[in-house]
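Hi,

Here is the structure I said I would pass on. Have a look, and my notes follow underneath.

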Amino acid sequence: MAASPVRQALVVCRKDLLAEFRERTSINAVLLFAVTSVVVVGFGLTGLSLRADAAVPLLWIVLFFAAFSGLAHVFTEEEDAATSEALRMAASPEAVFWGKLLYNLGLLAVTAGIVVPLFLGAVDLSVPQPLRFAAVVGAGTAALASAATVVGAIVARARARGALFGALGFPVVLPLIMIAVVATRRAVGQDPTEWIWLRDVGGLIAYAAAMLAASVLVFPVIWESQ
Amino acid sequence: MPRLFWIAIKTLAAVLPILTAWGALAYVKPAEGFLFPDGARIVLFHVPCAWIACLAYVVAAVYAITALRRMHSGAAEGWMHADRGCAAAMELGLLFSALTTVTGSIFSRLQWGAFWSWDPRQTSILVIMFLFAAYLVLRGAVADRQTKARLSSGYAILAVVPGLFLIWVLPRIVPTLHGGANQAVIGGGLDAQYRLVLYGFGLPGLVCVYVWLQHLRMRLMKLEDAYFL
Amino acid sequence: MSGGFWVVAVPVLVWVGVLAYLIMLDRKVSVLETRAEVDDR
């Protein structure tokens with residue numbers, strides 16, 4: 001392992017990106033799932049005009065499920081293709097974690113980039129302060145991706161992965177969603193003075209940082225084979 | 001641990017809850033300032049349950065860290081004991097957080113008219129219950145003994161982040177129905193009789209019960225491991 | 001409090017029942033442990 005950890009991480013990420021580019025299964029599945037969710041929400045609300053307050057939690061529910069159905073692939077595919085052991089030999093655990101995290105961040109960012117505008121259209125939600133909204137959604141998405149990466153690593157080595165991923169992810173991520181919902185409401189709210197950058201975006205970033213710190217501690221032992 | 005210690009723990013565990021029941025149901029006067037002064041007695045069961053659920057989580061986290069360290073450093077079997085401790089504590093945590101939720105919602109019905117109101121504090125205990133349950137479900141989903149220990153200990157540590165946030169941070173940043181009650185218990189607003197029953201009988205009694213249950217469960221798991229491996 | 005005696009007696013009896021069960025479990029586990037020890041030797 002002569003290469004630096006950063007370089008190793010980038011190589012791991014690049015490997016996943018290339019694999020994805022060839023067959024595009026993950027991104028297609030995640031996108032389809034997220035877009036379908038938005039359609040269901042939009043259809044369910046036909047004829048009702050929803051206050052911004054009420055639409056915001058639905059957005060985060062869609063993003064939560066997009067993350068916690070699609071982001072385990074990076075690990076489950078390695079297990080299924082029996083390439084995990086090779087990856088353990090080729091890169092340090094830290095590099096594997098950061099590489100996979102980077103990939104998941106990108107994947108969820110792309111998904112959010114497509115799904116959030118669709119959602120805004122479907123529920124007819126106006127965003128008077130686009131910068132604040134983007135900051136909250138961005139920070140929240142990044143935090144979701146971080147949590148989903150480490151929980152995905154856990155779930156990849158277990159059975160009943162599909163349901164387990166959501167079940168394990170939900171309690172870990174709920175505080176994050178609570179903060180995100182409140183902050184997003186403030187971002188789209190009528191009263192611009194309610195917003196405080198440090199509290200609303202800062203809180204999300206702090207939670208993400210705490211999750212990452214715990215993940216970095218825990219991942220090497222989860223990842224080790226016996 | 002010496003025999004005398006266990007005799008003491010078990011005796012206290014047997015006797016103190018009886019004293020708590022007597023204390024809560026006969027000794028203390030009905031609480032002033034509550035809508036249902038008699039119903040407020042349930043607080044003397046609710047608060048110890050909540051504290052023991054937190055204690056159980058702390059115990060689980062400590063065992064989880066121990067297990068992970070021993071696995072990481074390659075110790076042959078030392079991790080198993082710690083892993084059993086973590087699992088036992090998580091089970092008991094689930095039990096006591098469930099009891100907390102039930103006693104809390106009974107009180108909530110009496111005091112505020114509804115069993116559940118999605119108050120942040122109420123939702124917190126629910127999520128903590130889910131954390132315990134998720135840990136146990138994860139354990140059930142892994143066949144290999146050491147992988148089971150790895151993954152579940154890892155999850156237990158991860159769960160510290162939401163756990164700490166829900167227990168410590170959330171009640172301080174969001175106004176909740178529960179806020180006044182916190183002040184009463186921790187800020188010393190409780191009547192002397194209630195204080196005696198809570199700190200003299202309820203809390204110590206439940207701690208002893210918890211210690212006994214934890215130890216018993218671990219002994220049983222040790223036998224299971226020996227038998228099935 | 002109205003219902004006086006029974007309001008205290010019922011929870012206490014429930015607890016005594018739980019205790020009896022716990023003690024029984026404790027003894028069963030002890031028996032198994034000593035048997036396991038004997039097997040180990």
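First, a definition: a residue is buried if 20 or more other C-beta atoms lie within 10 Å of its own, exposed if 12 or fewer, and partly exposed in between, with C-beta atoms placed from the backbone. By that count, 0% of the 41 residues of chain C are buried.

Before the rest, some housekeeping. This is a predicted model, where local features need pLDDT of at least 70 and side-chain atom pairs count only at pLDDT 80 or more, while totals for chains, interfaces and linings use all residues. Residues are numbered from 1 along each chain as its sequence is written, and chains are lettered from A and ligands numbered from 1 in the order in which they are written.

Chain C has one helix and zero strands (helices are DSSP runs of H or I with at least four residues, strands are runs of E with at least two, and both are numbered from the N terminus). The C-alpha trace of chain C spans about 60 × 10 × 5 Å along its principal axes.

Chain B has eight helices and zero strands, so to speak a plain α-α-α-α-α-α-α-α when read along the sequence. Of its 229 residues, 45% are buried. Taking contacts in chain B between residues at least 6 apart in sequence, 78% join residues at least 24 apart; two residues are in contact if their C-beta atoms, placed from the backbone, lie within 7 Å.

Does helix 1 of chain B have the length you'd expect, or what does it span? The 25 residues of helix 1 (residues 3–27) should span 36 Å at 1.5 Å a residue, and the end C-alpha atoms are 34 Å apart, which agrees (the expected span is 1.5 Å times one less than the number of residues). Among the buried residues of helix 1 of chain B are B:K10, B:L16, B:P17 and B:L25.

Helix 1 also turns up where chain B touches chain C. That contact takes 13 residues from each of chain B and chain C. On the chain B side, helix 1 and helix 8 (192–228) each supply at least two residues, and helix 1 gives the largest share, seven residues. By class, the chain B side has 11 nonpolar, no polar and two charged residues (Ala, Val, Leu, Ile, Met, Phe, Trp, Tyr, Cys and Pro count as nonpolar, Asp, Glu, Lys and Arg as charged, and the others, Gly among them, as polar).

Over to chain A, where 23 residues are in contact with 26 residues of chain B. Helix 7 (130–156), helix 8 (161–188) and helix 9 (197–223) of chain A each give two or more residues to that side, which divides into 19 nonpolar, two polar and two charged.

Within chain A, the axes of helix 3 (residues 52–70) and helix 8 come within 9 Å and cross at roughly 145 degrees (axes are lines fitted to C-alpha atoms, for helices over the stretch in contact, with angles from 0 to 180 degrees between N-to-C directions). The crossing of these two helices of chain A is right-handed, meaning that the near helix is turned clockwise from the far one by less than a right angle, whereas anticlockwise would be left-handed. Helix 3 of chain A brings residues including A:W60, A:F64 and A:F68, and helix 8 of chain A brings A:F165, A:V173 and A:I177, among others. By class, this contact has 12 nonpolar, three polar and two charged residues.

One last residue: B:Q122, in helix 4 (residues 120–140) of chain B. B:Q122 counts as partly exposed because 19 C-beta neighbours lie inside 10 Å. Leaving aside neighbours within four places in sequence, B:Q122 is in contact with B:G104, B:W116 and B:S117. The C-alpha atoms of B:Q122 and B:T101 are separated by 7.5 Å, with their positions 21 residues apart along the chain.

Cheers
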